[in-house]
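This report goes through parts of one protein model. Please keep the sequence and the structure in view while reading.

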Amino acid sequence: MCAICGVVRFRDGEPVEQNLLVQMRDSMAHRGPDSAGIFLNKHVGFGHRRLKIIDLHAGAQPMFNEDGTIAVVYNGEIYNFLELREHLIAKGHTFQTKCDTEVIVHAYEEYGIDCPKWFDGMFAFALYDATKNSVFLARDRVGIKPLYFYMDQHQFLFASEVRAILKVLEFRPSANIAALDFYVSVGFVPGETTLFQGVQKLLPGYGLILQDRQVTLSQYWDLNDAPPSELSFGEAQERYAELLQKSIEMSLMSDVPLGAFLSGGIDSSAVVAGMSKSMTEPVKTFSVGYHDDKDASELPYAQCIANIFHTEHHEYILESEEFFASLDLLLEYTEEPIVESAAIALFHLSRLAKEHVTVILSGEGSDEILAGYPLYPIMARLDRIHRVFGYLPSWIHECLSTSLKANEKYTKYVDWMRMSLLNRYRGISNDVTPSIKRKMYQPGFASRLGNDSDVFFEKLLGTLSQSSGLRKMGYLDIKSWLPDDLLVKADKMTMANSLELRVPFLDHHLLEFAMSLPDEYRLKGWEGKLALKKVMEKVLPHEIIYRKKKGFPVPVARWFKEKLYHQVRDVLLDSKSLTRNYFQESYIDNALKRHRQGKEDLSRRLFSLVALEMWHKKYID
């Protein structure tokens, strides 16, 4: 795994300075501690940091074609590179190494900007074509690997992390106010924007061409293209099991030690089961837990799986004081605030895992593709309620809102009952509805926000106008929550510790197949991930398969009520708080009191405000 960066100057005769490129590159040394390289061609410069995984003695980057007219820097793994290599050799291409990077160079020579369609894996790369004086960027289909860019009248910048772009800018970027409503609503910023004004993300499944100072974006893949499956449920189970095992086996491609994160839930347990089936040595597994909240700790379940598959098991215990002290560290590596308390646990678990392995497998993606979240069936029931609720007189709506307004959970559900799915669903992490925002935001600030977040989500849902509600929700989460929250957390917390993460559930063949299945193969009543659960009944204990989903939970509700209450209060009600211009002090004070008194669990809301305040102080003001 690696870090990439680059600069393209637009002013005539203005070269890229080597020392600046080195600063950009080395600001991401944690992503690639093993070696470094640069490429300079007057107005174009690329930088690369490498974490050696495959072909440890070759594969230095930037890498070139035979005549040096094409240069590439690349972050990721292309699992089918050996097959592609033979295919390209048969077409007359000559290879100098046995690493996957060189496949990108020759695939581009053969197929141009369509080359990403040929790659199975996770990737973000940049390629300079001297014959066209163009730069081509591409990102994998679901956004496993990050790629940011910035452009003004003088230059174009790109990097695996925002920090490298900030090294070049001569000013401190302001907060992107238009994106702040996204963050408040769902706990992250989806789509192409970021909270840094002017810094953008290349969307998953997209390529970008920079030529003659013009940027052109093109989409090379979309899940919407998957045709519906006509297999029986039994046939679907067999096919799903085959594709999952194949994906796990591809993810084992490595010349360095590898292991797996293990929560003891069905997803990580299925990955460990598949690894154990294909590996000759014991799988190294890693779990996190808590001494002071056994309800949150999943260590007994993880130990159960470790015993069944005879893994080399390791545990990390996270304490409340360590959690709060790590908030600044979290923002150092995520760079944008995300409402993911589990990211801190993941950081410390990754640091432990790095002592034993260099590659780690994880279970991200299964819930989105197989309807594993409880909110999916809840939304289906709300659709039925909405059809009735919409006919009720407005005075009943107002009575309900007034009687329930003290409790945010109930307020959210009343808002949802009023709305159709198109207007209601904002992703699995949707937590702040319009009625709550009216209490949160300063009136003057609310008027500046507009409706960008609503337009974004409604547009995504609208692309599947003929699909079921379940398919629409899964599609939206795969296009937003997955790449811009879960995979950001997973990538940046592991790479902060120079650990490569692989996610076999997100192989695009498996993803397309799972999303093509009829709704009833994925969700039956309240039971999601039905196909996977039926497959795993032959492999895992019933209590693992059918237990309530947790997924590396952190006991922040208890900690924010007890041990960490005063630290949270001090951050949010500090007289120098930088987010006072956004939020009403009376709302924050009331939220703190209600949470401490146990009237409702507002830990997620409080965590989001703490993260935003600390991000402001660290990056903006």
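How many residues lie between β11 and β12 in their hairpin? The hairpin has 2 residues between the strands, and D212 in its turn has a positive phi of about 55°. The model described here is a predicted one.

## The open sheet

The hairpin strands belong to an open sheet of 6 strands, whose order is β4-β5-β6-β7-β11-β12. Pairing in this sheet is antiparallel. Strands of a sheet pair through backbone hydrogen bonds, either parallel or antiparallel. The edge strands are β4 (63–64) and β12 (214–219), and each of them pairs on one side only.

At the β4 edge, 2 bridges join β4 to β5 (residues 70–78). One bridge partner pair here is F64 with A71, the latter in β5. At the β12 edge, β11 (residues 206–211) and β12 pair over 6 bridges. Here Q211 has Q214 of β12 as its bridge partner.

## Y206 in strand β11

Y206 has its place in strand β11. Leaving aside neighbours within four places in sequence, Y206 is in contact with L137, A138, R139, L217, S218, Q219 and Y220. By contrast, R522 is 316 residues from Y206 in sequence, and their C-alpha atoms are 28 Å apart in space.

## Helix α19 and the second largest pocket

Which residues of α19 are buried? They are S453, F456, F457, L460 and L461. Seen down the axis of α19, these buried residues fall within an arc of 125°, so they line one face of the helix. An α-helix has 3.6 residues a turn, so residues three or four places apart point the same way. The cover over the buried residues of α19 includes α5, α16 (421–424), α17 (434–440) and α20.

The second largest pocket has a volume of about 530 Å³. Of its 21 lining residues, E192, L203, F456, K459 and L460 are the closest to its centre. The elements that give two or more residues to this lining are α5 (177–186), α19 (452–462) and α20 (469–479). With 5 residues, α19 gives the most. By type, the lining of this pocket divides into 11 nonpolar, 5 polar and 5 charged residues. F456 and L460 therefore appear twice in this account: they are among the buried residues that line one face of α19, and they are among the residues closest to the pocket centre.

## Helix α27

In α27 (residues 565–572), the buried residues are Y565, V568, V571 and L572. Seen down the axis of α27, they fall within an arc of 135°, so they too line one face of their helix. The buried residues of α27 pack against four helices: α9 (320–325), α26 (556–561), α28 (585–596) and α29 (603–620).

## Cavities

How many cavities of 30 Å³ or more does a search of the whole structure find? The search finds 8. The largest cavity has a volume of about 170 Å³.

The lining of the largest cavity is made of 20 residues, and those nearest its centre are Y148, K201, E336, D484 and V488. Helix α21 (residues 481–495) gives the most to this lining, with 6 residues. The lining residues of the largest cavity divide into 11 nonpolar, 2 polar and 7 charged.

Conventions
Residues are numbered from 1 along each chain as its sequence is written. This is a predicted model: local features need pLDDT of at least 70, side-chain atom pairs count only at pLDDT 80 or more; totals for chains, interfaces and linings use all residues. Side-chain values use heavy atoms; hydrogens and water are left out. On a 1 Å grid over the protein atoms alone, a cavity is a set of points where a 1.4 Å probe fits but cannot get out, and a pocket is an open set with protein on both sides within 12 Å along at least five of seven lines; lining residues have an atom within 4 Å of a point. Grid points are joined across faces, edges and corners, and a volume is the space filled by probe spheres set on the points. Ala, Val, Leu, Ile, Met, Phe, Trp, Tyr, Cys and Pro count as nonpolar, Asp, Glu, Lys and Arg as charged, and the others, Gly among them, as polar. Two strands pair if DSSP finds at least two bridges between them. Buried means under 20% relative accessible area, exposed over 50%, partly exposed in between (1.4 Å probe, protein chains only). The arc is that of the directions from the helix axis to the C-beta atoms. Contact means heavy atoms within 4.5 Å.
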